[in-house]
Amino acid sequence: LLNPSLSSLPSSSPSITNIQTISLSIHTQNTNQNKTMKFQIEDITVYFPYDHIYPEQYSYMLDLKRSLDAKGHSLLEMPTGTGKTIALLSLITSYSLSKPSNPIKLIYCTRTVHEMEKTLAELKLLYKYQLDNIGPSARMLALGLSSRKNLCVNPDVVSAENRDSVDAGCRKLTASWVRALAAENNGIPTCDWFERYERAGSDAVLPPGVYTLQDLRVFGKEKGWCPYFLARHMVQFANVVVYSYQYLLDPKVAGIISKEMQRESVVVFDEAHNIDNVCIEALSVSVRKQTIEGATRNINKMAQEINRFKATDAGRLRAEYNRLVDGLAQRGDLPLGDTWLANPALPDDILKEAVPGNIRRAEHFLSVLRRLVQYLKGRLETDNVEKEGPLTFVNAVNSHVGIDQKMLKFCYDRLHSLMLTLEITDTDEFLHIQTICDFATLVGTYTRGFSIIIEPYDERMPHIPDPVLQLTCHDASLAIKPVFDRFQSVVITSGTLSPIDLYPRLLNFNPVVSRSFTMSLTRDCICPMVLSRGSDQLPVSTKFDLRSDPGVERNYGRLLLEMVSVVPDGIVCFFVSYSYMDAIVNSWNETGILKDIMQRKLVFIETQDVVETTLALDNYRKACDCGRGAVFFSVARGKVAEGIDFDRHYGRLVIMFGVPFQYTLSKILLARLEYLRETFQIKEGDFLTFDALRQAAQCVGRVIRSKADYGMMIFADKRYTRHDKRSKLPGWILSHLRDAHLNLSTDMAVHIAREFLRKMAQPYDKTGGGKKTLLSQEDLEEMNGNEGMMF
Amino acid sequence: MRDVQVVVKRVKYKSSAKDGGGVHGILKLTRERFAFKPNDPSLSSSKALNLEFRLIKGHKSSKDLVPPLLHLTHHQGNYFFEFKNIEDRNLCRDFVAKAIPKSGGPTSEKVAPPNDEQLSSAEMMRRMKLLQEDSVLQKFHKQFVSGDVLSETEFWATRKKLLDANASIKSKQMVGLKGEMIYNVKPSSDGQSNRVTFNLTPEMIYQIFAEKPAVRQAYLDSVPNKMTEKEFWTKYWRAQYLHSTKNIVAAAAEAAEDEELAVFLKQDDILASETRHKIRKVDPTLDMEADEGDDYTHIPGHGLANENSKDELEAQYEPLKRSFLQDVNRHAAVVLEGRTIDVEAGDTRSVAEALARSKLKLAKEASDGNAHPEWLERITRMAEIEDLQAPRDPPVAPLCIKDPRDYFDSQQVNALNQLSGTRHMKSRLSTSEAYGSIRNYISESRTMGLSPELAFEVFNSLTQNISISKYQLGKNPNESVLDTLPSVAKEELWLVRDALSKIYPKLQALDAAFAHYELDHGRDQQRAAKD
C-alpha cells in the first residue's frame with residue numbers, strides 16, 4: 001500500500017515513519033479500473049461495463065433477451081435510478097455481437113436531444129469497454145441524429161434563429177436547381193461542406209465509433225463534409241441509431257428519415273410513459289387566424305410564381321402536369337438536398353394512385369387551396385364551440401366549396417410537387433400553407449379516431465377572441481401501428497408505466513413480455529411522503545376551490561421555507577401549471593416568503609423561454625456543485641419535467657405541489673376521454689388520475705440515479721392521501737411509502753426530513769450485506785450454476 | 001518595550017497642523033520631558049523645545065494617516081510634530097500617552113480611547129474581528145492591554161503576521177453578493193399624500209447594475225450629461241412602479257412618450273446577447289434549446305394547442321413583457337457569479353464602469369474556445385453509475401489513529417531510542433530531511449500531476465490529525481507536531497501551503513489548522529518574550 005514515490009525516502013529516519021504512516025492514506029493505485037463484467041444470459045455473452053450489477057438489471061436483461069428471442073414486443077417498467085439505459089444498451093449490443101451472422105440494429109428513441117446525448121455518453125462507456133475486451137470485432141457505428149439546426153456546421157446557415165430558417169437556409173444552398181445554376185454561374189453561393197460531401201461520394205463514411213451530435217460536427221469540420229447529410233446517409237449502416245421519437249412516429253419525418261430501416265431492428269422507446277401523447281401530437285394540426293392569413297399570402301406568392309413561369313418557362317409547368325398524369329410519385333428519388341417533410345399521413349394509408357385530374361394543373365390546384373382557405377376562414381368566424389367528426393367535415397367542405405375527399409387527401413403531395421416545380425427554397429416562408437395542406441390530407445385520409453373542434457376563444461380567457469380550428473387525433477395506436485408492424489421487436493420502457501396493463505390497450509399491441517420490476521435497495525434511500533396539511537394544520541391542495549386560497553399558498557411557502565433550511569444542496573419544486581407557478585411565486589414575493597427562501601438558497605425558475613430555462617438549469621447545477629445550494633421551480637408536464645435529471649446533489653428533495661391533472665375543461669381532452677370510453681371502455685376518471693399520477697411520479701422519480709444516491713419526495717396535496725389516487729403511483733415508490741408518512745403536516749415532514757438526511761449521511765455497506773443488492777461476476781456465475789442444477 | 005526610557009525620532013516641528021513647512025529636527029522623549037532640537041543650529045534658539053510632560057494637557061494624533069502628526073496641547077500653545085512614518089508616530093504617541101498620566105496626573109484622559117481613534121477604521125475592524133473570532137486572543141488582549149502591561153500597538157506588533165495574513169486573504173477573496181433581491185423593494189408611502197418613496201443604497205445600485213446591464217449602460221450614457229443622478233433614479237423607479245402595476249398598456253404608452261424611460265421597461269438587449277453567448281457553452285445534456293431545433297411537432301399549427309400559444313395576440317407589447325420570474329433567474333445567476341469587481345460601493349459611476357469592463361472581459365473569454373473538455377468529462381462522469389464500480393475519486397484509505405497521543409509518543413520514543421547520544425541534533429536533522437522529502441514529493445507530484453483532490457484529502461486528514469492530537473496531548477497543550485519541525489521547515493510549509501492553495505481553492509480546513517498553529521506560535525513567542 002505504500003506510495004511508490006514515498007518509498008524513496010530514507011527509511012532510517014524516525015520522523016519519516018511518521019509521515020509515511022500518515023501518507024499511507026494515499027495509495028494512488030489505479031490498478032485495473034476496467035475490471036468489468038462478462039457473463040452469460042442463456043446463450044448470450046453479455047459485456048457489462050461495471051464491476052457489479054444490480055439484480056434488477058440482470059432480470060431486466062433476461063426479460064429483454066427473451067423478448068428479442070421471441071421477436072416480439074415488450075413493455076418493461078423499471079424504477080429510475082437502476083441503470084435501465086446501460087442494461088438495455090449492454091444487452092442489445094451483446095446480443096448483436098453473439099450473433100454476428102445476423103446482427104440486429106438498435107434504433108433507440110429518446111424524447112429529447114439532451115437525453116440523446118446522455119444515452120450516447122453511456123454507450124461510449126460501453127463501447128470502450130467492449131473494444132478493450134473483445135478487440136476489433138466489437139467495432140460498431142453508433143450515432144445520434146438530429147435536425148440541420150443541431151448538426152449544421154456552415155456558419156452562415158446555422159446562425160439562423162430557428163429550425164425552419166436553418167432548413168430553408170440549407171435548401172437555398174443545396175437544392176438541386178440551385179446547384180445546377182451554380183455550376184453555370186459562379187456568382188451563386190453553395191454550401192462548401194455539402195459540395196465536398198457530394199464530391200467525396202461513396203468515400204464519405206464515418207469510421208466505427210460512437211458519435212454524439214458534437215462529435216459529428218467535429219468530424220464534419222475536420223473532413224469538410226456536411227455532418228447532417230453524412231449522418232443521414234450513415235443511419236442505414238449504423239448499428240445503433242439514437243434519435244427522437246418523432247423520427248419514427250411522426251409520418252412527416254419518418255417518411256424521409258426512417259424509411260430505409262430494416263425489419264431486423266430493435267426499436268426502443270425510452271422514457272415512454274408519455275408515448276401516447278407523442279403519437280397523438282404527431283397526427284394533430286391546428287389552424288388559427290394567423291395560419292389563414294399566412295396561407296393566403298403564400299397562395300398569392302405562388303400564383304405570381306406560376307405566372308412568371310408561364311411567361312418564361314412554360315415547359316416546366318407542362319412537364320409537371322405530364323408527370324402527375326403518369327402518376328409518378330413526387331417523392332421518388334429526389335436529390336438529397338430537395339427532400340423536406342413528407343406526407344403527414346401514415347405510409348400505409350396513402351393510396352398508390354395518381355393525383356386526381358382536377359388538381360393536376362397548378363392554377364387549378366391553387367384555386368382549390370384558395371377555396372379551402374376561404375372555407376376554413378368562414379368556419380373560424382363562429383361564436384360557439386363546434387365539434388364534428390372528419391366525415392361530416394369532409395362532406396361539408398364538399399357541399400360548400402366543392403372539394404371532395406380525394407382532392408383533400410392529395411393536397412400535401414400536390415403542394416410538395418408544386419413547390420419543387422416552382423423551385424421554392426425559402427420553405428420557412430411557406431409553413432402556413434403547408435399546415436393547411438397537412439390538415440387537408442389528414443382530414444381526407446382518416447375517418448375515425450379524429451375530431452375537429454372549433455373554439456372561438458380560450459375557455460380560460462373568454463374576453464380575448466382567439467379562434468382555433470383543431471384536428472385532433474384521439475387514438476395513439478394509429479401513429480405507432482406502422483412501427484409495431486414494421487419492426488420485429490419494439491421495446492417500450494420507462495420508470496413509470498403503471499398501470500402496466502393500460503399501455504397495450506392505449507397503443508393496441510400485444511407484448512410478449514410485460515413486466516414491472518421492483519427496486520432492491522441496500523438502504524431506504526428514497527423517502528416518499530404525503531403532506532396533506534400545512535403548518536397551521538389546514539389542508540393543502542391545488543384543487544380548484546382551494547387553489548387561490550392565500551392560506552394554501554402560504555402553507556406551501558412555509559413548507560418550502562422549512563425545507564430549504566433543512567435540506568442541503570438542490571431542491572426541486574414542481575407546480576401543476578405555468579400559470580399556477582407564476583401566481584404562487586408572485587404571491588410569495590408579496591408576502592416576503594420568497595425573500596426568506598432566497599436567504600437560504602438561490603432560486604431558479606423554469607420559464608416558457610427554453611433558452612432562459614436552459615441557462616437557469618445550468619446555473620442551478622453550478623450552484624449545487626459549488627455548495628451554494630439552490631431551488632429549482634418547475635412545471636409538471638413542462639420541458640424540464642420531461643427529461644432533466646435531478647440526481648445526486650442536484651436534487652435531494654422534490655416537492656410536488658398539487659396533483660398535476662390536465663385542464664379538464666379542455667375540449668380536446670373531453671373529446672379524447674369520450675373516444676377512450678367508447679373505444680377502449682376506459683373510464684374518464686381513471687384515465688385522468690392515471691395521467692396525473694404518471695406525471696407526478698415522473699417528476700419525483702428524477703431524483704435517484706443509483707442506489708448510492710438518495711432523495712426525498714413530498715407529494716403536497718391532501719388528495720394523495722386517497723387510496724384511489726395514490727395507488728396509481730408506480731410500485732417502487734409505493735413500496736417505500738410508509739403508512740406513517742401518508743398524512744403529514746409541515747412540522748412532521750420537516751422532522752422526518754431531518755432524520756432521513758442524518759441517516760443517509762452515514763457511511764454504509766454498498767454491497768448490502770446479506771441482501772445481495774449488488775451482484776458481482778462470481779455471484780452471477782453461482783446463480784447460473786444453481787439454476788442449471790435446478791433444471 | 002515598557003522598559004524603554006528614551007525615544008528619539010526624526011520629526012518636523014510645526015506650529016499648526018496646516019503649516020506646510022516646519023522645522024526638521026530630532027524629538028527626544030524621556031519619562032518626564034520631551035525635547036526638540038532643530039537640525040539647523042541657527043534655529044535652535046527660536047525653535048528648540050524642552051518641556052515637561054506634566055505641563056502637557058493632552059495629546060492627539062491625526063486620524064488620516066498622511067502626514068502622521070502628533071499634537072501635544074500645552075497650556076501656552078500647541079506643538080505639532082510630523083513624523084516620517086506611522087510606526088514612529090505611534091511609538092511616540094504611546095510613549096507620550098504613558099508619560100502624561102505619570103506626570104500630568106488627573107488632567108489626562110485614559111489611554112485607550114484616543115488610541116483607538118487614531119487607527120484607520122479598517123484596521124480597527126480587522127483587529128476587532130480577530131478578537132471576536134479568537135477567544136484566547138481576546139483573553140490575552142484583556143489581560144495585557146486592559147491591564148496596562150502592553151500598549152495596543154505593542155500587543156499587535158507581535159501579531160503582525162496575523163493581521164497581514166488576514167489582510168492578504170481579504171484581498172484575494174471578495175465578499176459575495178446577498179442572496180435576496182434587495183432592489184426588489186416595495187415603495188413606502190406616507191399614506192397621506194399621493195407619493196411614494198423608494199430608498200436606494202449603494203448595495204442596491206450595485207445589484208441593479210450587475211443584473212440589468214441596460215440600466216447600467218443607460219446610466220453611463222446619460223449621467224451626468226443628460227440628467228442628474230437623481231433624475232435618473234427617479235425615472236428608473238417610475239419604470240419599476242409602472243412595471244409592478246402590471247398594466248402593460250399604460251407602460252407601453254409611457255414608454256412611447258419617454259425614450260429614456262422605455263429603456264427600463266424594454267427587454268434588456270445586452271442581456272440577450274450575453275445569453276446567446278452563454279447558450280453555446282451550455283452542457284449538451286441540459287440543452288433544451290437543441291430540442292426545440294429537433295422537435296418537428298413545434299412547427300406552428302402542429303401538435304395539440306397548449307398554454308403558451310395564446311400570447312401571440314399581444315405581439316405589439318412583446319418587447320415590454322418582462323416577467324418577475326426572469327428577474328429571479330437573472331438575480332440568482334448574478335449572485336452565483338459573485339462579485340466580479342473590486343470597487344468600493346459608493347461611487348455609482350465607477351461601479352458602473354467597472355462592471356461594464358468586467359462584462360466585456362467575460363464576453364471575450366466566452367467567445368473564444370469552442371471545445372469544452374470540462375463538460376465533456378463531466379458528461380462521462382455523470383453517465384456512470386457510481387456504486388456499480390470502484391469510486392472514481394482518488395482511492396484513499398482512511399487515516400485511523402485511535403489515540404494520537406499514543407501514536408506520537410511511541411514515535412518519539414522510537415526516535416529517542418534509535419538516536420541516543422546526539423539525539424537532539426540528529427532528530428532535528430532528520431525532521432528537516434523528512435520535511436525535505438515530503439516537500440520534494442509534493443513538488444514532484446505537482447509537476448507530475450497529483451490530483452488536487454487527493455492532495456487536499458491527504459492534507460486535510462493530516463492537519464485534522466495534527467489539530468486533534470494537539471488538543472489531546474493534554475499534558476503539554478502547546479506542543480504541536482509542527483513545533484518539532486525546524487523554523488526553516490515551517491516557512492517552507494507555508495510556501496507549500498500557498499502552492500497548494502493555488503492547486504486547490506478549498507483549503508479552509510488547512511488554513512484553519514495553520515492559523516491555529518500560527519496563533520500558538522505567537523503565544524509561545526510572547527511567553528518567551530515575557531520569560
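**View 1. C573(A) is a buried residue, with a relative accessible area of 0%.** "Buried" here means under 20% relative accessible area, "exposed" means over 50%, and "partly exposed" is anything in between (1.4 Å probe, protein chains only). What you're looking at is a predicted model, in which local features need pLDDT of at least 70, side-chain atom pairs count only at pLDDT 80 or more, and totals for chains, interfaces and linings use all residues. Side-chain values use heavy atoms, with hydrogens and water left out; residues are numbered from 1 along each chain as its sequence is written, while chains are lettered from A and ligands numbered from 1 in the order in which they are written.

**View 2. Strand β16(A) is the home of C573(A), and both of its faces are covered.** Helices (H or I, at least four residues) and strands (E, at least two) are DSSP runs, numbered from the N terminus. Take the two faces one at a time: G570(A), V572(A) and F574(A) sit on one side, I571(A), C573(A) and F575(A) on the other, and all are buried. That's six of the six residues, so β16(A) is largely enclosed by the rest of the structure.

**View 3. C573(A) has partners in strands β18(A) and β19(A).** Two strands pair if DSSP finds at least two bridges between them. β16(A) runs parallel to β18(A), with six bridges joining them, and here C573(A) stands opposite F633(A). Four bridges link β16(A) to β19(A) (residues 653-657), again in parallel; the bridge partner of C573(A) in that strand is I655(A).

**View 4. Zoom out a little and you get an open sheet of seven strands in chain A.** Follow them across in the order β17-β18-β16-β19-β20-β15-β21, with parallel pairing. Which strands stand at the edges? They are β17 (602-605) and β21 (744-745) of chain A, each with a single partner strand, so one side of each is left without a neighbour in the sheet. As for what holds a sheet together, strands pair through backbone hydrogen bonds, either parallel or antiparallel.

**View 5. At one edge of the sheet, β21(A) runs parallel to β15(A) (residues 526-533), joined by two bridges.** Look for L531(A), whose bridge partner in β21(A) is L744(A). Helix α33 (residues 746-760) of chain A packs on the sheet too, touching β15, β20 (711-716) and β21 of chain A. A touch, or contact, means heavy atoms within 4.5 Å. The direction of α33(A) makes about 170 degrees with that of β15(A); axes are lines fitted to C-alpha atoms, for helices over the stretch in contact, and angles run from 0 to 180 degrees between N-to-C directions.

**View 6. At the other edge, β17(A) pairs with β18(A) in the parallel sense over four bridges.** One of the matched pairs is V603(A) with V631(A) in β18(A). L602(A) and F604(A) point one way from β17(A), V603(A) and I605(A) point the other way, and all are buried.

**View 7. Hunting for disulfides turns up zero of them over all chains.** A disulfide is a pair of cysteine sulfur atoms within 2.5 Å. C170(A) is in none: its nearest cysteine sulfur belongs to C226(A), 6.0 Å away. C170(A) still counts as buried, at 10% relative accessibility. C573(A) is in no disulfide either, with the nearest cysteine sulfur, that of C699(A), 11 Å away.

**View 8. V158(A) sits in helix α6 (residues 155-158) of chain A.** Is V158(A) buried or exposed? Neither: V158(A) is partly exposed, because its relative accessible area is 25%. Leaving out residues up to four places away in sequence, V158(A) touches K149(A), C152(A) and V166(A). V540(A) is another matter, being 382 residues from V158(A) in sequence and 48 Å away in space, C-alpha to C-alpha.

**View 9. Over in chain B, helix α9 (residues 213-222) has eight of its ten residues buried, so it is largely enclosed by the rest of the structure.** The buried ones include P213(B), V215(B), Y219(B) and L220(B). For the bigger picture, chain B has 22 helices and nine strands, and buried residues make up 42% of its 531 residues.
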